[in-house]
Amino acid sequence: MTGTHIELPDPAATSRFGRCLGQRAEPGDIFTLGGPLGAGKTTLTQAVGLGLDVPGSCYITSPTFSLLHEYPGRFSLYHLDLYRLGDESEIEELGFLDYIYGNGLTVIEWPDRLGSLMPADRLHIELLPVSASSRRAVLTGHGMMQVEKFLIP
Ligand SMILES: Nc1ncnc2c1ncn2[C@@H]1O[C@H](COP(=O)(O)OP(=O)(O)OP(=O)(O)O)[C@@H](O)[C@H]1O
Ligand SMILES: [Mg+2]
């Protein structure tokens, strides 16, 4: 798979990686998270929240049943889990585009559900299970999004 590969040998590595992403994020950024059930998308989002200074009292859980959760941080974190989205017209009906194109950081699990509404400018992170405790992240910048901004010098 093309893109920048980052090895995440244990959950602590995923947490460090996510915090770094959250620290470097700017208002309006969009992260799309790919990978199978249990790959670590929500785990990574929790760490992104820490990097964004979301208070520890705001525990980030999977928004599967509400599709979208909003957390206060350095700027807002919008966490979408579209696993149970019916079809892309729901995105417009629910007003999610206002969040996605707003001034927060939007993190989207199961972004393929967006179909033609997939944002052009985004950092895509594909999480690939390697073993029970290790993952590989493959980062790809789309549109105006540069992967380099998130890489450790
Ligand atoms: N290196 C790792 N990085 C991240 N998570 C890991 C790692 N190793 C093991 N895990 C475990 O994998 C699980 C990932 O669950 P998580 O809910 O984050 O996945 P998900 O991709 O959001 O799944 P879903 O598609 O169901 O929303 C957690 O139990 C986590 O502890
Ligand atoms: Mg999840």
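So, what covers the buried residues of H2? The cover includes H1, strand E2 (30–34), E3, E4, strand E5 (105–109) and strand E6 (122–129). Keep in mind that we're looking at a predicted model here.

Let me stay with that helix for a bit. H2 spans 41–51, and 8 of its 11 residues are buried, so the rest of the structure largely encloses it. If you want to click through the buried ones, they are Lys 41, Leu 44, Thr 45, Gln 46, Ala 47, Val 48, Gly 49 and Gly 51. After the helix comes Asp 53, and its phi is positive, near 65°.

Now, on to the ligand. How many residues surround ligand 1? There are 17, and the closest are Thr 14, Gly 40, Lys 41, Thr 42 and Thr 43. You'll recognise Lys 41 there, which I just listed as buried in H2. Two helices each put at least two residues into that shell: H1, which is 11–24, and H2. Of the elements, H2 gives the most, with 3 residues. And what's the chemical mix of the shell? It comes out as 4 nonpolar, 9 polar and 4 charged.

Next stop, Gly 73. You'll find Gly 73 in the loop between strand E3 (68–71) and strand E4 (77–81), and both of those strands are part of the cover over H2. Is Gly 73 buried, exposed or partly exposed? Well, residues count as buried from 20 other C-beta atoms within 10 Å, and Gly 73 has 19, so we call it partly exposed. Setting aside neighbours within four places in sequence, Gly 73 is in contact with Gly 49, Leu 52, Asp 53 and Val 54. So we're back at Asp 53, the residue with the positive phi. As for Gly 49, it sits 24 residues away from Gly 73 in sequence, but C-alpha to C-alpha the two are 7.4 Å apart in space.

Okay, let's zoom out to the whole chain. We have 4 helices and 7 strands, and starting from the N terminus they run β-α-β-α-β-β-α-α-β-β-β. The radius of gyration is 14 Å, close to the 15 Å that the globule rule gives for 153 residues, so the chain is as compact as a globular protein of that length. In terms of a box along the principal axes, the C-alpha atoms fill roughly 40 × 35 × 30 Å. Buried residues make up 33% of the 153. And if you take contacts between residues at least 6 apart in sequence, 64% of them join residues at least 24 apart.

Technical notes. Residues are numbered from 1 along each chain as its sequence is written. Chains are lettered from A and ligands numbered from 1 in the order in which they are written. This is a predicted model: local features need pLDDT of at least 70, side-chain atom pairs count only at pLDDT 80 or more; totals for chains, interfaces and linings use all residues. A residue is near a molecule or strand if its C-beta atom, placed from the backbone, lies within 6 Å of it. Ala, Val, Leu, Ile, Met, Phe, Trp, Tyr, Cys and Pro count as nonpolar, Asp, Glu, Lys and Arg as charged, and the others, Gly among them, as polar. A residue is buried if 20 or more other C-beta atoms lie within 10 Å of its own, exposed if 12 or fewer, and partly exposed in between; C-beta atoms are placed from the backbone. Two residues are in contact if their C-beta atoms, placed from the backbone, lie within 7 Å. The radius of gyration is taken over C-alpha atoms; the globule rule is 2.2 Å times the number of residues to the power 0.38.
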